[in-house]
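Got your viewer open? Let's walk through this one selection at a time.

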Amino acid sequence: MLIKMNDYRELILSELANEIGADFVTKRRDEILNTTEMRKLLEEIEERGSSYNYKRLKEFKMLLKKVKMMKYYETRKFRTDGGLEVSILERGQYLEQLIERLTDTFKMIEGKVVLDIGSGTFPLYFSKELPAGTVYIAIDSRKEVIEELNKASTSHLKLIVIHSDACEIDYKSLLSQFNIKRADITLMLRVLSVIARTKKIDPVEFIESIPTRTLVVSEPLRSLVRKESVITRETKFLNSLARKLENRGIFAYHEIWTIGEEIFLFLF
Ligand SMILES: C[S@@+](CC[C@H](N)C(=O)[O-])C[C@H]1O[C@@H](n2cnc3c(N)ncnc32)[C@H](O)[C@@H]1O
């Protein structure tokens with residue numbers, strides 16, 4: 001055999017790096033090498049001999065699929081990177097513009113109450129710009145997020161941190177516990193499609209159950225796995241959501257705003 005099996009391992013890894021991203025493949029190298037899919041592919045290559053183009057083998061396609069799923073699950077867990085939320089990192093330079101736009105909206109409607117569903121660590125950034133005395137209710141299902149938020153020093157406002165699955169909350173009673181009839185602004189940033197898919201909820205009914213004057217929903221514009229643009233799909237999703245909510249008389253009008261690689265729907 002011309003190429004040794006060890007060389008094949010490296011060849012396959014570099015092909016995976018091309019397809020899926022070098023950082024991920026380097027980081028999870030040992031795990032990838034230990035998958036059943038990798039073992040089966042190497043056995044098949046050994047059997048066929050080195051003249052065969054391994055990329056055409058179904059075993060290679062299975063391995064590719066497996067590694068894509070590994071990446072998908074890693075991203076979907078919304079891991080933090082050096083203490084920073086992945087969504088915050090991805091916003092990079094646009095984070096400031098986003099905070100500015102949200103703060104302007106909040107001030108324009110003379111808001112007092114923010115409800116942030118699937119908040120991640122976003123309240124740490126947004127809360128800094130909000131007027132003193134603002135009530136900020138942050139809900140997240142992840143323990144690390146809750147711990148991070150509880151450590152925050154946000155003395156100029158009242159930060160209420162709730163550790164819960166967003167779909168298991170009765171929003172009307174939650175707000176009434178704090179003597180609040182409705183939120184002034186509700187944020188569902190990069191979380192609505194995730195909840196809709198994982199919890200099998202109807203986004204329109206879910207939103208309808210939240211007493212709020214305005215709502216901001218956002219979705220990322222790149223698919224987490226292949227990184228291809230999903231702008232058409234997300235624009236359609238948000239426009240259709242806006243139309244349904246307006247038809248039901250829940251909101252009067254909407255605006256779509258795109259910045260960086262994120263699309264926003266503002267509902268008033
Ligand atoms: C992509 S992050 C977005 C964080 C933040 N909204 C932002 O845009 O910076 C999604 C967040 O939603 C939370 N999440 C996912 N499913 C949830 C659920 N069913 N209930 C509450 N939080 C949830 C995750 O823990 C995560 O912090």
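**Stop one: the ligand shell**

By class, the 22 residues around the ligand split into 11 nonpolar, five polar and six charged (Ala, Val, Leu, Ile, Met, Phe, Trp, Tyr, Cys and Pro count as nonpolar, Asp, Glu, Lys and Arg as charged, and the others, Gly among them, as polar). A quick caveat: this is a predicted model, where local features need pLDDT of at least 70, side-chain atom pairs count only at pLDDT 80 or more, and totals for chains, interfaces and linings use all residues. Numbering starts from 1 along each chain as its sequence is written.

Select Gly118, Gly120, Ser141, Ala166 and Leu189, which come nearest to the ligand (near: C-beta atom, placed from the backbone, within 6 Å). The elements giving two or more residues to this shell are α6 (86-91), β4 (135-140) and α11 (192-199); α11 has the largest share, three residues. Helices (H or I, at least four residues) and strands (E, at least two) are DSSP runs, numbered from the N terminus.

**Stop two: the sheet**

Now show the strands as cartoon. Seven of them form an open, mixed sheet in the order β5-β4-β3-β6-β7-β9-β8 (strands pair if DSSP finds at least two bridges between them). At the edges, β5 (158-163) and β8 each pair on one side only.

**Stop three: the hairpin**

Zoom in on β8 (residues 254-259) and β9 (residues 262-267), antiparallel and joined by six bridges. Ile256 stands opposite Leu265, and Thr258 has Ile263 as its bridge partner. Two residues separate the strands of this hairpin, and Gly260 in the turn has a positive phi of about 55 degrees.
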